[in-house]
Amino acid sequence: MPVRPPTPSLRPRSSDDVMQHGQAPHPPSLQGEERALEAAQRHVEELRNRINYHDYRYYVLDSPEISDSEYDALVRELRRLEESFPELVTPDSPTQRVSGRRVELFAPVKHRVPMLSLDNAFSPEELAAWIARVARRVGAVPAYACELKIDGVALSLRYEHGILTRASTRGDGFVGEDITANVRTLRSVPGRLRGSKPPRLLEVRGEIYLPLRAFESLNAQLAEKGERLFANPRNAAAGSLRQKDPAVTASRPLKLWCYGLGLVEGVDFSRHSESLEYLRRVGLPVNPALKTVCTPDEVQAFCAHWQAQRHSVDYEIDGAVVKVDALELQRELGQTARAPRWAIAYKFPPEERTTLVKDIEVHTGRTGKVTPFAVLEPVRLSGATVSLATLHNEDEVHRRDVRVGDTVIVRRAGEVIPEVVGPVVSKRPPHTRPWRFPKKCPSCDTPLVREAGEADWRCPNHQGCPSQAIEWLFHFASRGAMDIEHLGYVTGTTLLERDLVKDPADVFFLTAEQLAELPGFKEKSIHNLLSAIDAARNRPLRRLLVGLNIRHVGSRIARVLAQAFPSMDALRHASLDELMAVESIGLEIARSVHDWFEKPENMRLLEKLHRAGVRMREEAPARAARGSLSGRTLVLTGELEAMSRDEATRRAEAAGARVTSSVSKNTSFVVVGANPGSKYDKARALGVETIDEPEFLRRLGERPTLH
């Protein structure tokens with residue numbers, strides 16, 4: 001790889017040069033140093049070129065020429081030379097991939113060309129209708145570029161004169177976050193483009209993903225450490241990219257597929273497929289499944305083929321993307337306020353699999369709810385290996401008549417939570433028996449109770465049930481609550497078993513001496529955990545309310561309560577009528593909150609948190625003026641791209657809307673994200689308007705989110 005040219009003082013000179021300038025020759029020792037530096041520079045450049053070449057063979061051509069050990073030897077030799085001659089180190093050197101400093105914030109980056117979203121087609125008929133509309137608008141049947149829709153994390157890479165200068169997330173489509181330090185650690189992302197004449201500016205759009213085998217390995221490692229598991233490879237990729245420490249990102253084998261361009265200066269293309277071939281030539285990985293076709297039937301065949309073969313590759317795909325290939329026609333077709341007219345995403349339907357029920361067990365959660373689940377013969381489902389699936393509650397098990405030994409149909413609810421749809425009765429072995437719910441808690445052996453009108457059995461031993469204790473502690477430390485990094489299942493279980501912690505408030509009184517007695521805890525890990533605990537003291541009141549484990553109080557209700565009662569003391573003394581007077585708080589929630597504050601053990605917990613210096617109040621935000629959604633009632637369903645569900649709720653409420661959790665005839669509209677659940681079906685059945693995320697942002701008065 002080329003390096004910066006040597007400064008004049010380091011350039012070797014002949015004796016003629018010296019005499020011409022009237023200067024005495026350098027001492028022999030200095031001349032020897034210059035010759036050594038010159039030789040080192042040539043060797044460094046050669047090593048960088050060789051390493052980048054082998055990166056290209058491995059990540060772009062998928063055709064490596066040397067073994068991993070030989071590759072590592074090249075990197076070691078380059079690192080040795082750069083340590084001996086530090087003046088030769090450059091930011092784009094392969095050795096500098098993990099040299100970024102820890103960051104606390106990711107700076108905003110404005111996309112000069114927005115990262116557009118795509119309209120979706122959910123059936124061959126909808127895809128055919130889109131193809132017909134395109135043909136009518138351009139007056140002919142154009143060629144199409146067909147690609148796989150990678151289920152990863154979109155990002156933008158900016159290359160200036162062939163050098164990677166910035167990497168940013170998609171964000172809301174217009175403003176993302178600067179993650180350059182982390183992306184530089186990825187071997188699949190070249191720091192310098194191939195070729196002798198790179199363009200002045202090249203913004204590349206791509207998808208970072210985690211291979212499926214790497215995802216399973218990562219989750220296995222996290223499970224061993226007692227840390228939070230990732231729900232799917234996409235979440236794992238997103239979490240890996242937004243690490244404060246680039247070394248963590250570097251430790252995870254993330255990969256890149258490039259699918260398009262943003263702003264370009266210094267190179268021109270006439271077809272989309274031509275631009276992707278150019279990206280491949282300059283060293284960027286482009287998915288080999290790309291295919292240019294000329295007829296609607298070929299488009300449908302491409303989508304049908306990959307729907308059937310979606311698990312033949314080691315990464316998640318959730319559909320196909322079809323684009324008009326000619327860039328001139330793309331410009332002619334233009335775009336709506338929400339998406340381009342020249343491209344569409346064909347979404348694959350959620351899949352189902354059959355497998356064997358090896359056992360049915362129950363688990364006691366943090367609120368005492370005891371949930372049955374099926375232990376399955378492991379099966380690949382939506383890109384992950386599933387061995388457990390929820391059965392919801394006793395009534396559902398009996399309604400579906402799921403038994404040990406059954407062959408069952410399994411699917412992933414919302415593409416995340418595995419659930420048992422029902423048994424294949426024709427394959428049921430003889431002499432199977434209906435499953436019976438246990439009478440006692442599997443964790444503490446306390447008799448279970450089921451209140452009239454409820455579907456769930458519960459363990460009433462809230463203070464002494466080990467399962468409830470660890471689940472509550474883990475929930476208290478989660479990102480949605482107090483966000484205490486480094487406090488996972490293993491650490492939490494150890495603290496409880498050693499009687500160092502009896503409830504979450506005790507966490508704030510832990511000392512370095514106590515943590516030093518825990519297995520695996522050294523100076524750095526002790527410092528990290530105590531720093532995270534200290535930072536948690538100042539979380540907003542709404543986050544503390546989530547962590548307190550009050551039944552029915554999730555993030556949305558906690559925000560509503562904190563707005564209405566901006567201090568813990570005010571909430572504690574609120575009457576049942578005052579609680580019910582708050583919008584979105586019904587009798588059931590109000591009674592749950594009121595009863596929680598009536599229990600002496602909970603008052604002792606709050607007193608302990610107060611003594612620990614945990615924040616107990618937050619200023620109620622000023623009431624917004626009448627907003628764009630005033631008087632409207634909406635429901636959110638599915639996975640949103642530009643924001644979390646909590647953020648969407650906050651924005652909607654700031655605009656004057658009421659956000660509810662269930663669809664009724666009084667619902668104004670339903671915001672539908674990816675992989676919507678039953679709320680979408682109910683909305684259609686009731687004739688309630690459904691809108692997508694870009695339209696939701698438009699109604700908020702913001703620019704639409706595009707991908």
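1. In this predicted model, helix α18, spanning residues 555–564, and helix α23, spanning residues 645–654, have axes that come within 10 Å of each other and cross at roughly 40°. The crossing in which α18 passes α23 is right-handed.

2. The residues that make this helix contact can be named on both sides: α18 contributes Ser-555, Arg-556, Arg-559 and Val-560, while α23 contributes Asp-646, Thr-649, Arg-650 and Glu-653. Sorted by class, the contact of α18 with α23 holds five charged residues, two polar residues and one nonpolar residue.

3. Turning to the strands, β12 (residues 352–364) and β13 (residues 369–381) run antiparallel and are joined by seven bridges. Within this pairing, Val-362 stands opposite Pro-372, a residue of β13. The hairpin of β12 and β13 has four residues between the strands, and in this hairpin Gly-368 takes a positive phi near 95°.

4. Strand β13 also pairs with β14 (residues 384–390), again in the antiparallel sense, and this pairing extends over six bridges. One pair that a reader may wish to locate is Val-379 with its bridge partner Val-386, which lies in β14.

5. A further antiparallel partner of β13 is strand β17, made up of residues 457–458, and two bridges join these strands. Here Lys-369 has Arg-458 of β17 as its bridge partner. Taken together, β13 is joined to β12 by seven bridges, to β14 by six bridges and to β17 by two bridges.

Note on methods
Residues numbered from 1 in each chain as written. Predicted model: local features only at pLDDT ≥ 70, side-chain atom pairs only at ≥ 80, totals over all residues. Heavy atoms only, no water. Axes fitted to C-alpha atoms, helices over the stretch in contact; angles between N-to-C directions. Left-handed = near helix turned anticlockwise from the far one by under 90°. Contact = heavy atoms within 4.5 Å. Nonpolar A, V, L, I, M, F, W, Y, C, P; charged D, E, K, R; others polar. Pairing = 2+ DSSP bridges.
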